[in-house]
Amino acid sequence: MEFIDIGVNLTNSDFSHDLDDVIRRAQEAGVINMIVTGTDLETSEQAVALCRQHPDYLFCTAGVHPHDAKDFTHISLSQLKALASEPAVKAIGETGLDFNRDFSPRPQQEAAFCAQLELACQTGLPVFMHEREAFKRQYAILKDYRDHLSQGVIHCFTADKTALYAYLDLDLHIGLTGWICDERRGQHLLPLLKDIPLERLMLETDAPYLLPRTLCPKPKSRRNEPAYLPEVAATVFAHRPEPAEHIASACLTTTRTFFRLNQPAD
């Protein structure tokens with residue numbers, strides 16, 4: 001089977017010493033493309049540089065995570081606009097709201113989120129979104145922008161049925177990570193997996209975070225990497241009625257379409 005990892009933090013220092021091996025193992029595991037996540041201006045620029053080193057295999061997002069919204073300025077927005085013109089940049093983000101940790105004040109999170117949504121509307125790029133314990137406010141903001149957004153994905157979805165159905169009603173995509181493999185906190189998601197239309201479902205590792213707890217044997221380092229994406233897929237396969245090959249193929253098609261990986265760059 002072939003997979004695309006829609007969210008992997010390859011600019012993280014955990015990968016600095018063996019990135020080539022990480023990419024090789026991913027390819028051997030059937031991961032045919034990866035979307036490198038930009039979480040602030042620095043990592044977004046680093047992600048673009050990585051993509052230049054691995055053309056047609058790595059693509060990326062460019063954005064400012066809600067944790068870093070306190071540092072978001074009009075200069076940040078100008079820099080993001082410049083990055084958005086890079087052929088490797090396939091989405092604006094990671095952006096959104098995080099009311100769980102509140103590393104940035106909520107008003108600043110909302111301002112940075114809205115600015116990036118507007119940028120996505122202007123550029124026609126999809127938006128790659130984070131949301132943690134902020135569903136009601138994030139949904140309210142998204143409703144105002146949705147008609148002008150090309151596409152959007154709630155990456156690393158961890159919320160409940162109400163949030164899932166509401167996001168689907170906004171015609172958003174859903175990204176699933178190893179959170180669904182965690183018996184301590186992901187069990188509530190398992191009955192919901194069958195409710196996500198295959199044309200809205202995408203897979204990701206969020207590596208080096210969220211190592212699937214179902215993985216056996218587990219790496220001694222406990223570091224997640226894109227080669228473990230099939231483990232996330234296996235959990236999805238186990239909780240949906242369709243054949244595994246059909247699910248994998250549909251997710252691949254959905255992901256290519258969402259990120260326009262099968263279309264030539266402008």
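Which residue in S8 is the bridge partner of glycine 175? It's methionine 202, and the close-ups below, all drawn from a predicted model, start from that pairing.

**View 1. Strand S7 sits between two parallel partners, S6 and S8.** On one side, S7 (residues 173-176) is joined to strand S8 (residues 201-203) by three bridges, and the two run parallel. Glycine 175 is the S7 residue to look for here, with methionine 202 as its bridge partner in S8. Strand S6 (residues 152-154) also runs parallel to S7, this time with two bridges. Here the pair to pick out is valine 153 with histidine 173, its bridge partner in S7. To get from S6 to S7, the chain goes through helix H6 (residues 161-169), making a right-handed β-α-β crossover.

**View 2. The side chains of S7 alternate, and they're all buried.** His173 and Gly175 point one way from the strand, while Ile174 and Leu176 point the other way. Are these four buried or exposed? Every one of them is buried, whichever way it points. Leu176 turns up again in View 5, as one of the residues lining the second largest cavity.

**View 3. The largest pocket holds about 550 Å³ of space.** There are 22 residues in its lining, and those closest to the centre are His65, His67, Arg101, Asp206 and Tyr209. Two elements give two or more residues each to this lining: strand S4 (89-98) and strand S5 (127-132). Sorted by class, the lining has 11 polar residues, seven charged ones and four nonpolar ones.

**View 4. The largest cavity, at about 50 Å³, is lined in part by helix H8.** The count of cavities of 30 Å³ or more comes to two, and this is the largest. Which element gives the most to its lining? That's H8, with four residues. Strand S1 (3-8), S8 and helix H8 (244-259) each supply at least two. The full set of lining residues is Glu2, Phe3, Ile4, Met202, Leu203, Leu229, Ala248, Cys251, Leu252 and Thr255. Met202 is worth a second look, since this lining residue is also the bridge partner of glycine 175 from View 1. By class, the lining splits into eight nonpolar residues, one polar and one charged.

**View 5. The second largest cavity, about 30 Å³, has a nonpolar lining.** Phe157, Leu164, Leu176, Leu189, Leu192, Leu193 and Ile196 are the residues around it. Seven nonpolar residues make up the lining, with no polar and no charged ones.

**View 6. Two cysteines come within 3.9 Å of each other, but there's no disulfide.** Why don't cysteine 60 and cysteine 51 form a bond? Their sulfurs are 3.9 Å apart, which is too far, because a disulfide needs the two sulfur atoms within 2.5 Å. Cysteine 60 is buried, at 0% relative accessibility. Cysteine 156 is buried too, at 4%. The closest cysteine sulfur to that of cysteine 156 belongs to cysteine 181, and at 11 Å it's also too far for a bond. A search of the whole structure turns up zero disulfides.

**View 7. Two cis peptide bonds, one in a strand and one in a loop.** Most peptide bonds are trans. The bond from glycine 93 to glutamate 94 is cis, though, with omega near 25°. Glutamate 94 has its place in strand S4, an element that also helps line the largest pocket. The other cis bond joins cysteine 216 and proline 217, and omega there is about 0°. Proline 217 is in the loop between S8 and helix H7 (229-238).

**View 8. Aspartate 171 and arginine 222 have positive phi without being glycines.** Most residues other than glycine have a negative phi. For aspartate 171, phi is positive at about 65°, and this residue is found in the loop between H6 and S7. Aspartate 171 is partly exposed, with a relative accessible area of 35%. For arginine 222, phi is positive at about 60°. The loop between S8 and H7 is where arginine 222 lies, and at 54% relative accessibility it counts as exposed.

Methods. Residues are numbered from 1 along each chain as its sequence is written. This is a predicted model: local features need pLDDT of at least 70, side-chain atom pairs count only at pLDDT 80 or more; totals for chains, interfaces and linings use all residues. Side-chain values use heavy atoms; hydrogens and water are left out. Buried means under 20% relative accessible area, exposed over 50%, partly exposed in between (1.4 Å probe, protein chains only). Two strands pair if DSSP finds at least two bridges between them. A crossover is right-handed if, with the strands pointing away from the viewer, the path from the first strand over the helix to the second runs clockwise. On a 1 Å grid over the protein atoms alone, a cavity is a set of points where a 1.4 Å probe fits but cannot get out, and a pocket is an open set with protein on both sides within 12 Å along at least five of seven lines; lining residues have an atom within 4 Å of a point. Grid points are joined across faces, edges and corners, and a volume is the space filled by probe spheres set on the points. Ala, Val, Leu, Ile, Met, Phe, Trp, Tyr, Cys and Pro count as nonpolar, Asp, Glu, Lys and Arg as charged, and the others, Gly among them, as polar.
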